[in-house]
Amino acid sequence: MFIEKSPSILIDLQLFSKGEFPEQSGVPNTSHAIQIFICEIKSMPCIFSSLIIIMNVKTVLNANNPHAPKNLVRYSFKERVYKPVTAVDHLAVHFALEGNLLHKESDEARRLTIFHEETGDEDKPRSASSKRRKREAKITNQFNFSERAGQTRNNPSRERSCQTEPPPRITFSDSANQWEIYDAYLEKLQTQDSIEKKKKSTVEKKEDFDVKKKSPQNFAVFLLQSEDVTQVAEVAKIIERIVIQNTMDDIAQDFKYFEDASDEFRDQEGTLLPLWTFQYEKARHLSVTALCWNNKYQDLFAVGLGSYDFGKQAGGMLLFFSLKNSAFPEHIYPTASGILCLDIHPQLSYLVAVGFYDGCVAVYNLKEQTRDPVYKSTASTGKHTDPVWQVRWQNDDMDNNHMFCSVSSDGRVVTWTLVKNELMSSDIIRLSVKGCISLCLLCAAHGTSLDFHKQIDYLFLVGTEEGKIYKCSKTYSSQFLETYDAHRMPVDTVKWNHFHPRIFISCSSDWNVKIWDHTIKTPMFTFDLGSPVGDVCWAPYSSTIFAAVTIDRKVHVFDLSINKFEGICHQIVVAKKIRLTHIEFNPIHPIIIVGDDRATVTSLKLSPNLRKKPKSKKGQELPKGSEAEVLKMDRLLALLREPELD
Amino acid sequence: MAEVDEIVKRLQAQKGVEGVIIANSEGIAIRSTLEDQHTVQYVALIQPLLVKAKKMLQEMDPSDDFTYLRVRTEKNEIIITADKEYFMVAIQKPAP
């Protein structure tokens, strides 16, 4: 029962003033006299207070929940409208308490009883019976009962742990403020500037080559400077050779495969095909004074550089070039004095003997890393007093020391022996004009060339400045075996024939090349080449072929078995104003190298006509190379000698 | 080390050579005359090729040794040489 404060009080008042008593719905009017009226006199204005005392205020008690909403509206999803809910629940719960009594027939009660029986709960009266049952089950044999128990061994537990080494730690601290940032930027700017400058200078050089323009950071970007890259040197060399082979691909192909087909139509003449040219920039001012092929590695040759201009001596250089890399020498040895001659040891191809303009001789070991010779002659060890014109290796002496000989303008032919760390010298012979020992230096002849016989060890030839050739023997130091009046000017070169034991060739600046039989005092053949002859050389594959170079830029090739009077090739091989100085045949390849006075070595390929071997008659077997060559020469000589006998 | 740098310089100066790279066996470029990006690309792609080539040679003939590998393409030629720790690459435009 609630007391409802009806807002109709105000209405009542108004109506009362009219003299009516409204009836409230559903609630009967009580008599006017005993009406309970409660009204808040305070809230009402004082004006009406007197009226209220008189009137009858109706209050109604009903069971409605005053807190329940009077008009509920719910959204109906079915009709998609808001609909008023008519029946509003007026139930208000003031207090609720869950009891813990269970009816013993209920499911939960039964479950609980079973649970308590099992656990043996003493509190529950029911558990007493369950206990009894258990005890009865346990008691077995009171007399004989013994309880046995066993226990398994437990594995002993061990604790294992592992700890790795902690990574090394460094605490690093730095400060970054405006200062540092500014400095860093400045540095970067500076490095960029320097790279720009480098790029400009290299770009100028590169204008000859057709290279695309690259960004400034490309040139030699060094990513890890600290790494030791020396091991790459070998590999780098291989790559360099490959790259050069690619660039000079056509030359390499020519070298290997080109055979001048027009030789068939040219009768007997041949030509020389230019192949690579070998130069070294730092040696431009020198001239080639010596050439020598390496026996073991037939693509390697040595070039001695010096100067024939006796007024201007400008130092010298020893260079080693390989045919596989024509752009850069394999080995470079700068020397203080100009080199005039060199020789590579026939067996130990890393030993090189060199003769200098100042009279010294030196031996270089290519295996050593240093740029200095391993042996060098000094004034005390008996060096020459004049330029050394020729050096030649000898066979090892009885103590297995290496030996070589040298000839010089001071008239001495000296043998040098490599004993441990020094060079020991011993004079073989002193040259003189009259053919006997001469103590007077004024009479001494000046040796300009030297060659040892290929088969007879002790026999050698010396050419002199006076134009004479002396045949000497190592065993006879006082006398010459023979003297030949060869030329009118200094004899530049004497060379024994590779095959025939009696033939040698000599050339001189008096324009002549002469071929001799050492048993006969007069030359077998004389050729006038029209220009001072710088050098002459026998071909290693034939006893009748030789080549000569003259100062008028020509190379002359002669084959005596084909033409006894004229050469089969005369060809200009260098540009104007360049003089040719030396010539050498390659031991196995059909090429020759020619040195000139601009420190350039030109390689030329011999055309087929220049390499002819003796023809064999049909049905006959071709005899062995060297014997055939000897026979060939003999036939030639026989032809010559017959008219002489007449 | 100076001679290697000289050789690199000379190679770069040769006609037609576009770039030279030296890298170690881990694939890090030590010297290069190309842009960083190109260098890294070349090295990363060439290294497995090298490994494969060496392996192949070893299987075919264990006594044989790898000397160099040339890859000729339409535009240029890539020459790769290797030794135990380093390998070197040169890219060259072949002579016309």
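A:R80 sits in the loop between β3 (72–76) and β4 (81–85) of chain A, and in this predicted model the residue has a positive phi of about 55 degrees although it is not a glycine. Most residues other than glycine have a negative phi. The relative accessibility of A:R80 is 65%, and A:R80 therefore counts as exposed. The loop between β3 and β4 of chain A also holds A:F77, which at 67% relative accessibility counts as exposed. A:F77 joins A:V73, A:Y75 and A:Y82 in a nonpolar surface patch of about 500 Å².

A positive phi is found again at A:K577, a residue other than glycine, where the angle is near 70 degrees. A:K577 belongs to the loop between β30 (569–572) and β31 (580–585) of chain A, and its relative accessibility of 72% places it among the exposed residues.

Charge on the surface is represented by a negative patch, formed by A:D174, A:E180, A:D183 and A:E187. Of these residues, A:D183 can be placed in helix α5 (residues 178–205) of chain A, and with a relative accessibility of 43% A:D183 counts as partly exposed, because the class of partly exposed residues lies between the buried limit of 20% and the exposed limit of 50%.

Charged side chains are also found in pairs. Side chains of opposite charge can pair when their charged atoms come close. Over all chains, a search of the whole structure finds 18 salt bridges. Three of the pairs are set out below.

| Salt bridge | Closest N to O | Separation in sequence |
|---|---|---|
| A:D343 and A:R392 | 3.8 Å | 49 residues |
| A:K521 and A:E482 | 3.7 Å | 39 residues |
| B:K93 and B:E18 | 3.5 Å | 75 residues |

In the pair of A:D343 and A:R392, whose closest N and O atoms are 3.8 Å apart, distant parts of the chain are linked, since A:D343 is in strand β11 (residues 339–344) of chain A and A:R392 is in strand β15 (residues 388–394) of chain A. Both A:D343 and A:R392 are buried, and for A:D343 the relative accessible area is 10%. The side chain of A:D343 has a further partner, reaching the backbone nitrogen of A:W393 at 2.8 Å.

The salt bridge between A:K521 and A:E482, with its closest N and O atoms 3.7 Å apart, joins a loop to a strand: A:K521 lies between β25 (512–517) and β26 (525–528) of chain A, whereas A:E482 lies in strand β22 (residues 482–485) of chain A, so the pair ties together parts that are 39 residues apart in sequence.

In chain B, the side chains of B:K93 and B:E18 meet in a salt bridge at 3.5 Å, N to O. This pair, too, links distant parts of its chain, with B:K93 in the segment after β5 (86–92) of chain B and B:E18 in strand β1 (residues 17–24) of chain B. B:K93 counts as partly exposed, its relative accessibility being 41%. Chain B as a whole has two helices and five strands, and from the N terminus on these elements run α-β-β-α-β-β-β. Of the 96 residues in chain B, 41% are buried.

Besides the pairs in the table, A:K237, A:R241 and A:E330 are linked in a network of salt bridges.

Which side chain makes a polar contact with the side chain of A:H556? The partner is A:H570, whose side chain makes this contact at 2.5 Å. A:H556 itself is located in strand β29 (residues 554–559) of chain A and counts as buried, at 3% relative accessibility.

A further buried position of chain A is in a loop. A:G315 lies between β8 (300–306) and β9 (316–322) of chain A, and because its relative accessibility is 14%, A:G315 counts as buried. The C-alpha atom of A:G315 is separated by 9.7 Å from that of A:F356, a residue 41 positions away along the chain.

Methods. Residues numbered from 1 in each chain as written. Chains lettered and ligands numbered in written order. Predicted model: local features only at pLDDT ≥ 70, side-chain atom pairs only at ≥ 80, totals over all residues. Heavy atoms only, no water. Patch = residues over 30% accessible without salt bridge, like charges linked within 9 Å, V, L, I, M, F, W, Y side chains within 5 Å. Areas by Shrake-Rupley, 256 points an atom, 1.4 Å probe, with all protein chains shown as cover. Salt bridge = Lys/Arg side-chain N within 4 Å of Asp/Glu carboxyl O. Lys, Arg positive; Asp, Glu negative; His and termini not counted. Charge placed at Lys NZ, Arg CZ, Asp CG, Glu CD. Helix = DSSP H or I, 4+ residues; strand = E, 2+ residues; numbered from the N terminus. Buried < 20%, exposed > 50% of the residue type's maximum accessible area, 1.4 Å probe, protein only. Polar contact = N/O pair within 3.5 Å; in protein donor to acceptor, adjacent residues only side chain to side chain.
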